[in-house]
Amino acid sequence: MIRGRFITVEGIEGVGKSSNIEVLVNHIKNAGFEVLTTREPGGTPVAEDIRKLLMDHGDEPIPEIAELLLMFAARSLNVNNVILPALQAGKWVVCDRFSDSSRAYQSGGRGLPMETIDTLADWVHGDVNPDVTILLDAPVDVGMARASNRSAPDRIESEKHEFFERVRACYLQLAARSPDRFVVIDTTRSLEEVQAEVGLLVTQLIDDNQH
Ligand code: Z5A
């Protein structure tokens, strides 16, 4: 029996996922719920090792199918060892990226069939699906400019502008197809404004959960 609420945060790089997850988590804690945060790829020791393999610029090319399967291998570890036990213990779970990232990056960006990703999602995490997905959205140039202030780009961040345009378009299509699950937040505004909107959204979720 799953009792906690499962929230995922999605978006292209630099839209402010990390900056807003903190606010989200604080609101949930202040409302008296236990909350666990995790990220993908990653979240467990082995899944974090898979993350390193995926992000590093090694000499060996990583085929698109291998990339997809590694994302789902990491997800299987995170779901079984972290997310599901927390939900079953009544905790809320906030996950920085989940299967919608595979849909947006590996299907939207790389062109792999969406049906394959849906099949893997069903196989790897069955009924463990987000109750709410917050899609932080901004034009690619805005996200890239914000992200460029940080460390050197990893393997996926080194993709071209058009790749991220396809990823963003795919995210927006996914959100349009599942309006009951997705909330799209425009992050071109100041961080304070975006965080205030995230706060309102969580307050609403907490209210819904209590009635
Ligand atoms: N990936 C995949 O392909 N398939 C999958 O299934 C999964 C993942 C799960 C790792 O993700 C990569 O894995 C990712 C997708 C792929 N590759 N890419 N690209 P990640 O989440 O670890 O990495 P990321 O997307 O690059 O996240 P990020 O760079 O950490 O971005 P962020 O968390 O969204 O942004 P941030 O760190 O909160 O903010 C960036 C900067 O902008 C920072 O200085 C903030 O202070 C600033 N900021 C944020 N919001 C604002 C506003 N509103 N105004 C002004 N400045 C702001």
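## Helix α8

In this predicted model, Glu192 and Leu200 are exposed on one side of α8, away from the buried residues of the helix. Those buried residues are Val194, Val198, Gly199, Leu201, Val202, Leu205 and Ile206. They lie on the same side of α8 because they cover an arc of only 170° around the axis.

The helix spans residues 191-210, a run of 20 residues. From its first C-alpha to its last, α8 reaches 29 Å, close to the 28 Å expected at 1.5 Å a residue. Its buried residues pack against the strands β1 (6-10), β3 (92-96), β4 (132-137) and β5 (182-186), and against helix α1 (17-30).

## Helix α1

With 14 residues, α1 reaches 20 Å between its first and last C-alpha, close to the 20 Å expected. Its buried residues are Lys17, Asn20, Ile21, Val23, Leu24, Val25 and Ile28. They pack against α8 as well as β1, β2 (35-39), β3 and β4. Gly32, which follows α1, has a positive phi, near 95°.

## Pockets

The largest pocket holds about 830 Å³ of space. Of its 35 lining residues, Glu13, Arg97, Arg150, Asp154 and Glu157 are the closest to its centre. Helix α4 (99-109) gives the largest share of the lining, 4 residues. By class, the lining comprises 12 nonpolar, 11 polar and 12 charged residues.

The second largest pocket has a volume of about 190 Å³. Among the residues that line it are Leu53, His57, Glu60 and Arg155. Its lining has 4 nonpolar, 2 polar and 3 charged residues.

Methods: Residues numbered from 1 in each chain as written. Predicted model: local features only at pLDDT ≥ 70, side-chain atom pairs only at ≥ 80, totals over all residues. Heavy atoms only, no water. Helix = DSSP H or I, 4+ residues; strand = E, 2+ residues; numbered from the N terminus. Expected span 1.5 Å × (residues − 1). Buried < 20%, exposed > 50% of the residue type's maximum accessible area, 1.4 Å probe, protein only. Arc of directions from axis to C-beta. Contact = heavy atoms within 4.5 Å. 1 Å grid on protein atoms, 1.4 Å probe; cavity = no way out; pocket = protein on both sides within 12 Å on 5 of 7 lines; lining within 4 Å. Points joined across faces, edges and corners; volume = space filled by probe spheres on them. Nonpolar A, V, L, I, M, F, W, Y, C, P; charged D, E, K, R; others polar.
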